[in-house]
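Could you walk me through this structure, stop by stop? I have it open in my viewer and would like to know what to select next and what is there.

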Amino acid sequence: MVASYPVGAGKSPGETASEKLQCLQSQHRLFRWLKNRGPIAALNVFPATTMASFQRKGLQARILSTEEEEKLKRDQALVSAFKQQKLEKEAQKNWDLFYKRNSTNFFKDRHWTTREFEELRSCREYEGQKLTLLEAGCGVGNCLFPLLEEDLNLFAYACDFSPRAVDYVKQHPLYNAERCKVFQCDLTRDDLLDHVPPESVDAVTLIFVLSAVHPEKMRLVLLNVYKVLKPGRSVLFRDYGLNDHAMLRFKAGSKLGENFYVRQDGTRSYFFTDEFLAQLFVDAGYEEVVNEYVFRETVNKKEGLCVPRVFLQSKFRKPPKDPAPTSDSASL
């Protein structure tokens, strides 16, 4: 089950102080148990039948325990410049190998997007209006196909860095070329205007995508997306937040830079602060609408363990165009 509780609340509904303490203690047990495990098993550690999730939103980053702070202080050594250049050069290959190993089975379908981002429903001017979406970084379609299935008046452009992921999308039984155009694209280099008309998209989703891009190239992604987004419409963003549990599981020798890490398979992940993300979007010409942390405590009742997840969920708008001046106003 998923329950939401107010920002700033120290516990979930019905949770006693001793239960909260037990959850914090279980976080430390889980941290020690996963210390030597691979860093990308975060979403699939336990069977869903033994799990309960509690969610809240807030404007401040998660506070670390003393043990967690000490671990981050110890793990300051950076991967060599030579290896970092190699990782950047082989980024596409590493993601292609990721999908080769995991096929379409790693990520669960994301049925929560219309609940969290009402723009996917409310930006219509009239009932039955066809909306156009760009899913930037579609993977194998875990967000794309639930949206197409739920909204029959939606047309989607979808792209991914990995050619193999794009092939999986095209092989999906729900794929329909009349409702969806899928293409391979490096958002930091390839011009989206080669596939999408300018200012034609009602919404853009960047869901667990930007974290895989080198921080120095993130702005290029936002500028690329800006060209195809209609004025007055928004980019819908969700990704890893600072001090997420996945960040704390990286072994020493995995750090590429501030809040930036490499996994054992060569794929990379950045963990965002709200300040960094806001500055990134504003510098690219967007206006901030919403920018907040999402905290999820996933409790494994059978094992007595609690996994503290932190995400950043945001909306940034492309400014609307100024209305054309009338003859009366032009004469003033």
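## First stop: Asp 151

Start by selecting Asp 151 and Asn 153: a polar atom of the Asp 151 side chain lies 3.0 Å from the backbone nitrogen of Asn 153. That distance fits a polar contact, a pair of N or O atoms within 3.5 Å; within protein, one must be able to donate a hydrogen and the other to accept it, and residues adjacent in sequence count only if both atoms are side-chain atoms. Asp 151 belongs to the loop between α7 (144-150) and β4 (154-160). Helices (H or I, at least four residues) and strands (E, at least two) are DSSP runs, numbered from the N terminus. Asp 151 counts as buried because its relative accessibility is 16%; buried means under 20% relative accessible area, exposed over 50% and partly exposed in between (1.4 Å probe, protein chains only).

Before you move on, please note that this is a predicted model, in which local features need pLDDT of at least 70 and side-chain atom pairs count only at pLDDT 80 or more, while totals for chains, interfaces and linings use all residues. Residues are numbered from 1 along each chain as its sequence is written, and side-chain values use heavy atoms, with hydrogens and water left out.

## Second stop: the aromatic rings

Rings of Phe, Tyr and Trp (its six-membered ring) pair if their centres lie within 6.5 Å; planes under 30 degrees apart count as stacked, over 60 as edge-to-face and the rest as tilted. The count by this rule is 21 aromatic pairs. Select Phe 250 and Tyr 261 for a stacked example: the ring centres are 4.9 Å apart and the planes are at 15 degrees. Phe 250 is in the loop between α10 (245-248) and β8 (255-257) and Tyr 261 is in strand β9 (residues 260-262), so this pair ties together parts that are 11 residues apart in sequence. Phe 250 counts as buried at 2% relative accessibility, and Tyr 261 counts as buried at 5%.

Keep Tyr 261 selected and add Phe 271. These two rings form an edge-to-face pair, with centres 6.1 Å apart and planes at 75 degrees. Here Tyr 261 in strand β9 is linked with Phe 271 in the loop between β10 (268-270) and α11 (274-283), 10 residues apart. Phe 271 is buried too, at 1% relative accessibility.

Now select Tyr 226, Phe 237, Phe 260, Tyr 270, Phe 272, Phe 276, Phe 281, Tyr 286 and Phe 316, which ring pairs link into a cluster. Add Lys 318 to the view: its charged end sits over the ring of Tyr 226, 4.5 Å from the ring centre. For a charge to sit over a ring, NZ of Lys or CZ of Arg must be within 6 Å of the ring centre and within 35 degrees of the ring normal.

## Third stop: charged partners

Which residue forms a salt bridge with Glu 88, the closest N and O atoms being 2.7 Å apart? Select Lys 217 to see that partner. A salt bridge is a side-chain nitrogen of Lys or Arg within 4 Å of a carboxyl oxygen of Asp or Glu, and the count by this rule is 15. Glu 88 lies in helix α3 (residues 81-89) and Lys 217 in the loop between β6 (201-207) and α9 (218-228), so the pair ties together parts that are 129 residues apart in sequence. Glu 88 is partly exposed at 24% relative accessible area, and Lys 217 is partly exposed at 30%.

Next, add Arg 268, whose side chain meets that of Glu 88 in a salt bridge (2.8 Å, N to O). This pair links Arg 268 in strand β10 with Glu 88 in helix α3, 180 residues apart. Arg 268 counts as buried, at 5% relative accessibility.

Then select Lys 93 and Glu 90, a salt bridge whose closest N and O atoms are 3.6 Å apart. Lys 86, Glu 90 and Lys 93 are joined into one network by salt bridges that share partners.

## Last stop: Ser 234

Finish on Ser 234 in strand β7 (residues 229-240). Ser 234 is buried, with a relative accessible area of 10%. Leaving aside residues up to four places away in sequence, Ser 234 touches Asp 202, Ala 203, Val 204, Leu 229, Phe 316 and Arg 317, where contact means heavy atoms within 4.5 Å.
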